[in-house]
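The following report walks through selected helices, strands and single residues of one model, and is best read with the structure open alongside.

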Amino acid sequence: MRVYFDNAATTALDPEVLKEMYKVMEGQFGNPSSIHAHGREVRTLIERSRKTIANLLHTSPAEIFFTSGGTEADNTAIRCGIIDHKLTHAITTKLEHHAVLHTLQAMEKAGAIKLSYLDVDDKGSVDYDQLEKLLQNNERSFVSLMHANNELGTLTDLERVGNICEAYNALFHSDTVQTVGHYKHDLSKLKLQFMVCAAHKLHGPKGVGFLHINHKVKINPMIYGGSQERNMRGGTENVYGIAGLAKALEIAYAEMDSHQAYIQDLKSYMKAKLEQGISGVKFNGETDPANSLYTVLNVSFPEMEMADMLLFNLDIAGISASGGSACSSGTDIGSHVLTAIGANSDRPSVRFSFSKYNTKDEVDYTVAKLKELCLVSA
């Protein structure tokens, strides 16, 4: 059996998305910047896709800008938001995706900003009171907090953070790559200035995403060139990708409630099976369904010999997952997220992440293989 439990890294392309993209590839090849009929036809397709996305998110199409994915969108929001608004202080956590963390750290190293880190507890939850205290002393800061941690699944309350940021005139950016298409975001109510999406996290194609920029915030482009994306992002648009992204998000919203219930049940089932079958198993991050991303389960296994071979052995068994352990030394390349929450570096951890295509039979097979591997190491 071959099992794919690494959906937080990327998801399988939905067949309906592939059909939509193929239809465009086959018959709509014009450059959307051209003024002739072939170009206008493709321009219409892009704007129709933008409108579809905007309607689902309860925002204006003018606030959606297509990018090559989440990393570009994060970099644009952070670099341009800070530089163009002449901000000198930023707040984040040590749990953020490297697209955010490394960008902010590079800006701090260059002397552009002072960077403050919020404390997190052993489940990866941020300290909201500390955020407010930091903003009391540093109004008009740049705040970047992800909606759901990609390794732990722990959720951040976007509404609460938005209200705090608004009170102190701070710019709020959220890396929402793991949650767009899995939760409904109402941008008419959320008080954030920037949010991002990567299509391949919701059964869309790789190499395309979007950046939402609140209309009240003005920034300059990060990528200069032509006048594409209303002068905000130079370069001929990824037309096929954009069509696939819009279709994937449309499907995600139409099926969201049923898929959430199905996947949450799958996650709970695996958690229970692991607790029953492996002595000493624990879980990293928040597991309360109200505060945890339903697609992610991060499992901490008992100490074992050759712990660094666990993922390799799962791969040999046909099971694709990801993970590692907390860093045990300054030279050890481990998970910066597990290190930040104080996880035991002697315990190997595996992130299992689920999608609508996974089954309980796959869970049973995976748990059985894990029990074998743990017994061998005992």
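Glu 72 lies in helix H3, which covers residues 70-84, and in this predicted model Glu 72 counts as buried because its relative accessibility is 9%, where the cut-off for buried is under 20%. The side chain of Glu 72 is joined to that of Ser 68 by a polar contact of 2.7 Å. Once neighbours within four places in sequence are set aside, the residues in contact with Glu 72 are Thr 67, Met 222, Ile 223 and Arg 233.

A second buried polar residue is Ser 335, whose relative accessible area is 10% and whose place is in the loop between strand E12 (322-324) and helix H10. Its side chain makes a polar contact of 2.6 Å with the side chain of Glu 151, and a polar atom of the Ser 335 side chain also lies 3.2 Å from the backbone nitrogen of Val 337. Ser 349 is 14 residues away from Ser 335 along the chain, and the C-alpha atoms of the two serines are separated by 9.5 Å.

**Strands E3 and E4 and the helix between them**

Strands E3 and E4 pair in the parallel sense, over four bridges, and one of the residues concerned is His 89, whose bridge partner in E4 is Lys 114. Between these strands the chain crosses through helix H4 (residues 98-109), and the resulting β-α-β crossover is right-handed. H4 has 12 residues, which at 1.5 Å a residue should span 16 Å, and the 15 Å between its end C-alpha atoms agrees with that expectation.

The buried residues of H4 are Ala 99, Val 100, Leu 101, Thr 103, Leu 104 and Met 107. What covers them includes H3, the strands E3, E4 and E5, strand E6 (171-174) and helix H10 (336-340). After H4 comes Gly 111, which has a positive phi near 85 degrees.

**Helices H5 and H1**

Which residues of helix H5 are buried? In this helix, residues 128-137, they are Tyr 128, Gln 130, Leu 131, Leu 134 and Leu 135. Viewed down the axis of H5, these buried residues fall within an arc of 155 degrees, so they line one face of the helix. On the other side of H5, Lys 133 and Asn 137 are exposed. The cover over the buried residues of H5 includes strand E3 (89-92), strand E4 (114-117), strand E5 (142-144) and helix H6 (158-167).

Helix H1, residues 15-27, has 13 residues and reaches 19 Å from its first C-alpha to its last, close to the 18 Å expected at 1.5 Å a residue. Its buried residues are Val 17, Met 21 and Val 24, and they cover an arc of only 60 degrees around the axis, which puts them on the same side of H1. The face of H1 turned away from that buried side carries Lys 19, Tyr 22 and Glu 26, which are exposed. Helix H2 (37-57) and helix H8 (239-277) are among the elements that cover the buried residues of H1.

The N-terminal ends of these two helices are each capped by an aspartate, as the table sets out.

| Helix | Capping residue | Backbone nitrogen of | Distance from side-chain oxygen |
|---|---|---|---|
| H5 | Asp 127 | Asp 129 | 3.1 Å |
| H1 | Asp 14 | Glu 16 | 2.8 Å |

**Two positive phi angles outside glycine**

Most residues other than glycine have a negative phi. Lys 86, although not a glycine, has a positive phi of about 55 degrees, and this lysine is found in the loop between H3 and E3. Arg 140 is likewise not a glycine and has a positive phi of about 60 degrees; its position is in the loop between H5 and E5.

Where do these residues stand in terms of exposure, Lys 86 and Arg 140? Lys 86 is exposed, since its relative accessible area is 71% and exposed means over 50%. Arg 140, by contrast, counts as partly exposed because its relative accessibility is 29%, a value that falls between the cut-offs of 20% and 50%.

Note on methods
Residues are numbered from 1 along each chain as its sequence is written. This is a predicted model: local features need pLDDT of at least 70, side-chain atom pairs count only at pLDDT 80 or more; totals for chains, interfaces and linings use all residues. Side-chain values use heavy atoms; hydrogens and water are left out. Buried means under 20% relative accessible area, exposed over 50%, partly exposed in between (1.4 Å probe, protein chains only). The arc is that of the directions from the helix axis to the C-beta atoms. Contact means heavy atoms within 4.5 Å. A polar contact is a pair of N or O atoms within 3.5 Å; within protein, one must be able to donate a hydrogen and the other to accept it, and residues adjacent in sequence count only if both atoms are side-chain atoms. Two strands pair if DSSP finds at least two bridges between them. A crossover is right-handed if, with the strands pointing away from the viewer, the path from the first strand over the helix to the second runs clockwise. The expected span of a helix is 1.5 Å times one less than its number of residues.
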